[in-house]
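Student: I would like a close look at a single part of this model, followed by whatever connected picture can be drawn around it.

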Amino acid sequence: MAQYLILIYEDESQYATASPEVMGEIMEAHNKFAADVETHGAKLLGGNALQSTGTATSIRGGSEVTDGPFVETKEVLGGYYLVDAPDLDAALAVGKLCPARFGGVEVRPIMTFE
Amino acid sequence: MSAEDAAAVAAAVADAHRREWAFVLAATVRVTRDLDDAEECAQEAFATALTDWRSTGIPARPGAWLTTAARRRALNVVRHRGVEHRNLPLLVEEDAVPGPEDLLDDGAAELPDDRLRLIVTCCHPALDRPAQVALTLRLMCGLSTADVARAFLVSEPTMAARITRAKKKIAVARIPYRVPPAAELPERIDAVLTVVHLLFTTGHTTPSGESLVRRDLVERSVELCRMLRRLLPGDPSVAGLLALLLLTDARRETRTGADGRLLLMAEQDRSRWDHAAIAEGAALVREALRTRPPGRYALQAAIAAVHAESPSWNDTDWREIAALYGLLGQLWPSPVVALNRAVAIGFACGADVGLAALDALTGEPQLAGYGYLPAARADFLRRLGRVGEARAAYAEALELTGNAVERDFLTARLQELGPGS
């Protein structure tokens with residue numbers, strides 16, 4: 001098994017304007033995702049949603065502090081899951097299950113050190 | 001040993017390289033679980049054959065000899081490998097396959113045919129298309145990085161970096177070395193066929209350069225498709241693509257004149273088409289079309305078959321061709337298919353009807369910059385005697401093609417129209 005991080009990139013302005021019904025659907029989708037991961041031979045190790053980029057603070061070169069995310073993009077990192085999967089095919093299958101209705105996800109293998 | 005023997009051995013090794021490289025490499029990957037190590041072992045096996053076969057004679061089954069030699073080396077590499085090499089083993093799915101050591105000393109019947117594993121790994125959807133194409137040429141066809149670079153008109157360091165990155169991703173992201181489960185197989189085979197088709201079209205009409213056909217790419221893509229046909233004999237999409245390649249390539253020798261000038265299908269000497277390839281392709285089309293709905297390669301092959309089996313240009317069944325393009329466009333909508341359908345309608349119903357159908361496509365953003373649209377318009381305008389407009393359309397088409405042979409053709413047509421007013 002190997003670990004992969006599923007990074008969720010979405011247009012956060014859509015969350016700001018989403019109705020309570022839509023937010024409810026999204027919460028439900030994430031709960032269902034957590035339950036479905038194991039059907040692909042994978043295991044959910046953890047995950048979090050992040051506060052909006054309006055709350056982010058960046059530090060460059062170890063000292064220069066700026067208000068905002070490190071890179072300004074339309075679709076921003078808004079959350080992640082850490083999964084254990086036998087191979088990339090399984091990790092991608094999990095990535096396809098992952099809710100991200102206002103964007104998409106990136107699947108990255110975790111580096112291991114001997 | 002005489003010099004003839006050396007030459008005969010060299011020819012046998014070269015032949016085996018062409019026929020057996022993918023088999024040898026694919027079976028060796030299973031032992032090394034590392035693409036670079038496997039390539040090295042396979043290359044060494046071919047190098048050893050050059051000397052060994054001079055004393056032992058050329059074996060009856062060169063592929064089995066080479067595979068056994070490569071796998072024996074691979075086993076040595078694995079035994080003496082340091083811990084640092086075990087960090088990122090390629091994932092070989094052990095589907096009830098005996099361990100590598102059990103396989104080595106048995107007969108060739110025991111050698112695994114892992115070529116399907118290797119080609120679906122090369123064309124894995126997590127790799128971008130240029131990487132898929134590069135890996136396929138390098139690992140399946142055994143081309144050197146320099147040759148792959150030349151085929152795609154990029155520098156050797158660029159191609160080397162592309163191949164290295166792709167191999168690293170396969171290892172680090174753990175792309176599994178296996179034949180995908182049945183549910184995923186059609187999608188994965190489709191990606192493989194897309195790469196094979198791309199190799200063929202790149203070779204068939206090179207996007208730029210002096211020669212119309214890059215024969216090595218065409219031949220490699222046909223060989224790959226034949227290999228897929230043997231590995232997946234019941235797959236209609238493979239049959240459809242092989243039919244398309246054979247029927248299209250059957251015209252190869254007649255596509256340019258003795259002077260290198262581009263010859264349109266109307267001008268080609270049909271007696272010099274490859275009739276054995278046409279017969280084989282036509283039989284494959286019929287087989288592929290038995291599956292409903294028909295695949296896109298099968299439909300394109302059916303169109304090529306109508307041309308190939310027509311006794312002359314004037315006898316071409318343009319209504320059938322327009323209908324087939326119509327079906328193709330319904331199942332896989334594409335502006336290029338719509339363009340070809342419009343041209344077929346023009347031949348079936350008259351230049352004015354064809355021109356109207358083409359003009360309906362001029363706003364299509366995907367056709368902006370596509371030289372065949374103004375070239376087709378120019379041809380219908382010329383037939384209708386609208387010389388000024390035809391001249392402008394030929395000039396526009398000239399702006400859009402980088403292929404020297406196609407440029408010469410368009411320039412000649414432009415000159416035939418006489419000087420502008």
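Student: Does Arg174(B) count as buried or exposed, and at what relative accessibility?

Tutor: In this predicted model, Arg174(B) has a relative accessibility of 17%, and because buried means under 20%, Arg174(B) counts as buried. Arg174(B) sits in the loop between α8 (156-172) and β2 (176-177) of chain B, and although Arg174(B) is not a glycine, its phi is positive, at about 60°. Most residues other than glycine have a negative phi, and most peptide bonds are trans. Arg33(B), in the loop between α1 (3-32) and α2 (35-56) of chain B, is likewise not a glycine and has a positive phi of about 55°, but Arg33(B) is partly exposed, with a relative accessible area of 29%.

As for peptide bonds, the one from Arg292(B) to Pro293(B) is cis, with omega near -10°, and Pro293(B) belongs to the loop between α12 and α13 of chain B. Helix α13(B), residues 296-309, should span 20 Å if its 14 residues are taken at 1.5 Å a residue, and its end C-alpha atoms are indeed 20 Å apart, so expectation and model agree. Of those 14 residues, 11 are buried, which leaves α13(B) mostly covered; among them are Tyr297(B), Leu299(B), Ile303(B), Val306(B) and His307(B). The buried residues of α13(B) pack against four helices of chain B, namely α9 (185-204), α11 (236-249), α12 (275-288) and α14 (318-331).

Definitions and conventions. Residues numbered from 1 in each chain as written. Chains lettered and ligands numbered in written order. Predicted model: local features only at pLDDT ≥ 70, side-chain atom pairs only at ≥ 80, totals over all residues. Heavy atoms only, no water. Helix = DSSP H or I, 4+ residues; strand = E, 2+ residues; numbered from the N terminus. Expected span 1.5 Å × (residues − 1). Buried < 20%, exposed > 50% of the residue type's maximum accessible area, 1.4 Å probe, protein only. Contact = heavy atoms within 4.5 Å.
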